[in-house]
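I opened the model today with a short list of things to look up. My entries follow in the order I made them.

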Amino acid sequence: MLSLTRTRMPRALGALVRPHAYDRSLRLSHRSLATVSDSPVSPAQSGSKDKPLSKDSFLPGQSIHGYTVLENRHVKELELDAIRLRHEKTGAEHLHISRDDSNNVFGVGFSTPPENSAGVPHILEHTTLCGSKSYPVRDPFFKMLNRSMATFMNAFTGKSIVEWISRDYTLYPFSTTNPVDYSNLRDVYLDSVFFPHLREMDFKQEGWRLEHENPNGIVYNEMKGQMADAGYLFYSKMQQYMFPGTTYANNSGGDPSDITDLTHKELVDFHKTHYHPSNAKFYTYGNFPLENSLEAINAKLQGFEPITPPQAEKTVAPFKSPRAVGLTCPVDPMSSPEKQAKISVSFLTNNVQDTFEGFGLRVLSDLLIDGHASPMYKALIESNLGSEYSATTGYDGSTKITSMAFGIQGMKQEDVGKVEATIMGVLQKVKEDGIDPKRVEAIIHQMELGQKHKTPFFGMGLMQGLASGWFNGCNPADLLELNKNIDRLKTEIAEGPFFQNLISKYLLENPNKLVFTMAPSPDYGAELAADETARLMGKTSVLSDKDRERIFEQGQALLKNQEKTEDVSCLPTLKVEDISKKTKTYSLEHSAVGSVPVQWRPTSTNGITYFRGISVIPGLTPELKQYLPLFADSLTSLGTRDRAMDAIDDEIRLYTGGIRAAPFLSTNHSSIDSVEEGLSFSSYCLDRNQDRMYGLLGSLIQETNFDNLDKLRTLIQG
């Protein structure tokens with residue numbers, strides 16, 4: 001085991017680096033890590049002069065800066081304290097995760113279930129970021145790029161600091177390790193969401209407008225692209241038929257055919273009722289003082305009076321019997337014309353507020369579909385019925401009434417009945433035969449290992465994982481207690497056929513079932529274009545000359561506004577004195593295993609060993625380079641000469657956090673003018689499983705069964 005000083009080299013590491021055909025140059029790194037972030041720093045160390053209250057000072061019933069503490073719960077397995085509060089004046093909810101992590105997170109979110117598919121939550125998210133009361137500049141988030149040290153930005157939307165739009169909520173998060181930066185960004189965020197300009201010009205730019213008698217606009221064009229994506233189209237249309245009569249049947253991103261019905265007034269009205277503190281949830285995470293955030297948020301909310309937030313229908317009426325729906329989709333010119341159909345067999349399952357039932361269904365989903373050893377993978381993918389799972393496959397806990405689906409794409413249209421029968425047959429067989437206890441043990445091992453495996457963005461990931469349940473009535477602190485669910489799961493399994501009962505209740509004897517299919521149509525694009533033309537004619541045919549002149553003038557004004565140079569001095573910025581002159585450093589030790597250099601990073605350990613190996617392959621021809629991704633996939637998919645991949649996959653899950661092989665491309669460590677390319681291998685495991693991890697890596701790399709042509713064909717077709 002690795003600790004503060006380097007200890008023994010695992011004996012399997014020596015075997016792993018035996019010379020092999022493509023090992024021209026191999027570098028290894030081996031380390032153990034202790035914390036979520038690489039450099040947890042206390043507020044005092046990072047420049048703050050505040051003396052934070054102890055987390056134990058936040059007692060239920062206590063009033064602090066306009067908030068009442070509701071709960072303070074220690075979650076041992078995640079090494080954190082969850083503090084829930086409610087704003088006394090407006091009713092806004094606040095969840096603070098106190099943890100020794102310097103990468104602090106702030107998020108503000110709103111319940112935004114759409115009433116139709118005009119895309120108002122999406123367009124509002126865009127227009128909210130077009131300037132606000134205190135920061136009257138276009139896209140203040142983007143302009144904060146060179147004024148901030150934010151560690152989380154530009155992940156999903158192309159804006160500098162991310163907004164998440166789900167089907168029934170919108171979330172604005174950021175993260176940073178600097179307390180002054182945290183305060184600056186928090187103020188920009190709060191001002192942007194609660195006091196945006198929401199000008200009609202911004203609505204036309206971000207939402208939609210007529211331009212040269214054609215619809216235009218950022219969201220309009222974005223969603224035209226989204227709806228042209230076969231996977232997104234399949235997912236969104238399936239939701240429409242799976243949740244009829246509820247908000248989930250609407251497209252929160254917006255359907256282009258409906259976006260052009262949205263007006264600026266409707267956007268402003270939606271903001272008034274939905275972007276209100278009474279409808280808000282705040283999230284803070286890390287080691288910065290909670291009371292600072294409470295004080296700042298309370299000051300921003302003083303001008304608001306409490307309201308009753310609008311409620312949307314989220315519970316679908318029970319099906320009287322299973323349903324079947326078939327639609328068409330565009331033809332994919334890059335795929336085989338005979339195998340472009342898609343299918344999903346979906347079931348409504350539990351209420352998301354039943355956290356243990358949801359936990360059990362999520363584990364069941366993993367057992368059924370995840371990995372080479374899973375029964376659905378063998379029956380649907382390995383059998384070549386389809387090329388890969390459909391976009392809806394798995395357990396979906398993002399809605400109030402959750403769902404589970406199984407399906408494939410890249411299949412023949414005439415195989416629809418066969419695929420449905422295969423899916424139901426797999427479920428029946430698993431119910432009769434049960435599940436291998438070793439696979440259940442592997443799933444639990446992955447969960448327990450995940451508790452120790454903390455990344456620098458643990459706080460952001462935690463927020464994302466909690467959001468759907470929190471916005472649908474769950475106590476977020478309950479969702480954090482993984483060990484409680486694991487312990488109960490073990491008890492339930494010991495007492496009876498737990499997973500078989502779930503299969504019977506939710507999958508085999510459930511009338512709330514939808515068989516949803518899509519088949520390619522060569523006329524799909526033409527029909528879509530004709531529909532858009534008809535909608536456009538309906539809008540332009542009633543325009544007077546004065547209307548056309550006004551539209552032209554609005555377009556000119558918009559162009560002039562876009563080209564205008566703005567004064568951004570109103571935005572806050574970090575100064576040199578706000579940035580610590582000290583940074584966390586780590587000692588590295590270097591040695592070799594045979595002729596292969598090894599880099600060691602020994603630290604205080606949380607019981608996990610991390611491994612990464614880089615095999616540089618010089619002189620690859622352009623013809624061979626195109627096969628490198630397939631080659632990397634083959635190493636972890638084809639099995640070995642002595643063992644099938646499904647058996648190896650069970651061991652990987654039982655003893656490691658996964659094994660990955662991927663193409664590698666980087667500038668040389670000593671020269672930016674030189675590029676290295678090849679393969680990288682990575683894994684992590686509990687310290688006690690080091691030898692098993694290295695043994696599995698070695699066998700996969702050195703004993704790959706390239707004669708497994710059936711599996712190789714499946715990889716190529718996928």
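**Entry 1: the second largest cavity**

I started with the lining of the second largest cavity, to which β6 (104–111), β11 (280–286) and α10 (290–301) each supply at least two residues. Helices (H or I, at least four residues) and strands (E, at least two) are DSSP runs, numbered from the N terminus. I am working on a predicted model, where local features need pLDDT of at least 70, side-chain atom pairs count only at pLDDT 80 or more, and totals for chains, interfaces and linings use all residues. Residues are numbered from 1 along each chain as its sequence is written, and side-chain values use heavy atoms, with hydrogens and water left out.

Which element gives the most to this lining? It is β11, with three residues. I listed the lining residues, among them His96, Asn104, Tyr182, Tyr285 and Ser293. By class I noted six nonpolar, five polar and no charged residues. Here Ala, Val, Leu, Ile, Met, Phe, Trp, Tyr, Cys and Pro count as nonpolar, Asp, Glu, Lys and Arg as charged, and the others, Gly among them, as polar.

I read the volume of the second largest cavity as about 50 Å³. The structure holds six cavities of 30 Å³ or more. On a 1 Å grid over the protein atoms alone, a cavity is a set of points where a 1.4 Å probe fits but cannot get out; a pocket is an open set with protein on both sides within 12 Å along at least five of seven lines; lining residues have an atom within 4 Å of a point. Grid points are joined across faces, edges and corners, and a volume is the space filled by probe spheres set on the points.

**Entry 2: from Tyr285 to Phe458**

Tyr285 is in that cavity lining, and I followed it to Phe458. The two are 173 residues apart in sequence, yet their C-alpha atoms are 9.6 Å apart in space. I placed Phe458 in helix α15 (residues 458–471). Is Phe458 buried or exposed? Phe458 counts as buried because its relative accessible area is 12%. Buried means under 20% relative accessible area, exposed over 50%, partly exposed in between (1.4 Å probe, protein chains only).

**Entry 3: the second largest pocket**

Next I took the second largest pocket, which holds about 780 Å³ of space. It is lined by 31 residues, and the closest to its centre are Lys204, Arg209, Leu210, Ile551 and Gln554. I found that α5 (200–206), β9 (209–211) and α20 (545–563) each supply at least two lining residues. The most come from α20, with eleven. By class I have 13 nonpolar, nine polar and nine charged residues in this lining.

**Entry 4: backbone and loops**

I checked phi next. Most residues other than glycine have a negative phi. Leu198 is not a glycine, and its phi is positive at about 55°. I found Leu198 in the loop between α4 (179–194) and α5. Leu198 counts as buried because its relative accessibility is 8%. Glu79 also has a positive phi of about 55° without being a glycine. Its place is the loop between β3 (67–75) and β4 (80–87).

Then I looked at Pro309, in the loop between α10 and β12 (323–329). What does Pro309 touch, not counting residues up to four places away in sequence? It touches Ser278 and Asn279. Contact means heavy atoms within 4.5 Å. The C-alpha atoms of Pro309 and His274 are separated by 6.8 Å, with their positions 35 residues apart along the chain. Pro309 has 17% relative accessibility and therefore counts as buried.

**Entry 5: helix α23**

How many residues of α23 (residues 645–655) are buried? I have nine of its eleven, so the helix is mostly covered. Among the buried ones are Met645, Ile648, Asp649, Arg653 and Tyr655. The buried residues pack against α14 (437–452), β21 (659–668), β22 (671–686), α24 (690–702) and α25 (709–717).

**Entry 6: cysteines and totals**

I looked for disulfides, taken as a pair of cysteine sulfur atoms within 2.5 Å. The count comes to zero. I noted that Cys130 is buried at 6% relative accessible area, and Cys474 is buried at 7%.

For the whole chain I wrote down 25 helices and 22 strands. Buried residues make up 53% of the 718 residues. Of the contacts with a separation of 6 or more, 79% are between residues 24 or more positions apart.
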